[in-house]
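I opened this notebook to record what I looked up in the structure, taking the overall makeup before the local details.

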Amino acid sequence: MYDTEPSQSPPLDGTLADPAVTPEDAEAIEDSTSFTSLRDDITALVDDARTYAEAEIAFQKTRASLAGKRAGRALVLLVLALVLLHIALIALAVGAVIALAPLVTIWGAIAIVVGVLLIGVALLVWSAAGDGKVLSAMFDAGEDA
């Protein structure tokens, strides 16, 4: 038999309890240990979150840098394409004037080419204005919304 007070029972794991440790001390030690464990877990969680955030920021910076370089290159290529298109249209207009010159006078050929180009510009502006009206109606804060 154990030499203990009747209110105390031996531990279930078969070890003898330290008589110097009271039940209140044992609870305080257990609470302290669980609090320390919880604090360590939270600290590890915060460190992991910080590491994840830093890695995500670095990834997004790299991604934005690559996207910016690609967008810049695409813009340069687009401008170059528009310049070449402009040159081609000028060559077409000059060629049309040269081709029409024997059929009509040179002034007649110039008038025909410029007239056709101005009609094309008018049609493009009219189409753009229609799209602008539709776009304006989409964002209008009128009563029809």
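**Entry 1, overall makeup.** I began with the secondary structure and found 2 helices and 0 strands in the protein. I note at once that the model is a predicted one, and I keep that in mind for every value below. I then looked up the burial, and of the 145 residues in the protein 3% are buried. For the accessible surface I read a total of about 12,800 Å², with 70% of that area belonging to carbon and sulfur atoms.

**Entry 2, the second largest pocket.** I turned next to the second largest pocket, in which about 200 Å³ of space lies. Which helices supply its lining? I found that helix H1, covering 23-100, and helix H2, covering 106-139, each give at least two residues to that lining, and that H1 contributes the largest share, with 7 residues. Sorted by class, the lining holds 10 nonpolar residues and 1 polar residue, with no charged residues. Among the lining residues I wrote down His86, Leu89, Ala93, Ala96 and Leu100, together with Ile112, Val113, Val116 and Leu117.

**Entry 3, Ala93.** I picked Ala93 from that lining for a separate look, and I located Ala93 in helix H1. Is Ala93 buried or exposed? Its relative accessible area is 17%, and because the cut-off for burial is under 20%, I enter Ala93 as buried. I also checked Ala93 against Ile110, which is 17 residues away along the chain, and the C-alpha atoms of the two are separated by 8.8 Å.

**Entry 4, a nonpolar surface patch.** I then went to the surface, where a nonpolar patch has about 1,200 Å² of accessible area together. Its members include Leu75, Leu77, Leu78, Val79, Leu80 and Leu82, and also Ile87, Leu89 and Leu92. I noted that Leu89 and Leu92 are also listed in the lining of the second largest pocket, so I cross-referenced the two entries. For one member of the patch I took the details: Leu77 lies in helix H1, and Leu77 counts as partly exposed because its relative accessibility is 47%.

**Entry 5, the salt bridge.** How many salt bridges does the structure hold? I found 1 salt bridge, formed by Arg50 with Asp47, and the closest N and O atoms of this pair are 3.4 Å apart. Side chains of opposite charge can pair when their charged atoms come close. Both Arg50 and Asp47 lie in helix H1, where they are 3 residues apart, about one turn of the helix. As for exposure, Arg50 counts as partly exposed at 47% relative accessibility, and Asp47 is partly exposed as well, with a relative accessible area of 37%.

How values were computed. Residues are numbered from 1 along each chain as its sequence is written. This is a predicted model: local features need pLDDT of at least 70, side-chain atom pairs count only at pLDDT 80 or more; totals for chains, interfaces and linings use all residues. Side-chain values use heavy atoms; hydrogens and water are left out. On a 1 Å grid over the protein atoms alone, a cavity is a set of points where a 1.4 Å probe fits but cannot get out, and a pocket is an open set with protein on both sides within 12 Å along at least five of seven lines; lining residues have an atom within 4 Å of a point. Grid points are joined across faces, edges and corners, and a volume is the space filled by probe spheres set on the points. Helices (H or I, at least four residues) and strands (E, at least two) are DSSP runs, numbered from the N terminus. Ala, Val, Leu, Ile, Met, Phe, Trp, Tyr, Cys and Pro count as nonpolar, Asp, Glu, Lys and Arg as charged, and the others, Gly among them, as polar. Patches are made of residues with over 30% relative accessible area and no salt bridge: like charges are joined within 9 Å, nonpolar side chains (Val, Leu, Ile, Met, Phe, Trp, Tyr) within 5 Å. Accessible areas come from the Shrake-Rupley method with a 1.4 Å probe; for residues, only the protein chains shown count as cover. A salt bridge is a side-chain nitrogen of Lys or Arg within 4 Å of a carboxyl oxygen of Asp or Glu. Buried means under 20% relative accessible area, exposed over 50%, partly exposed in between (1.4 Å probe, protein chains only).
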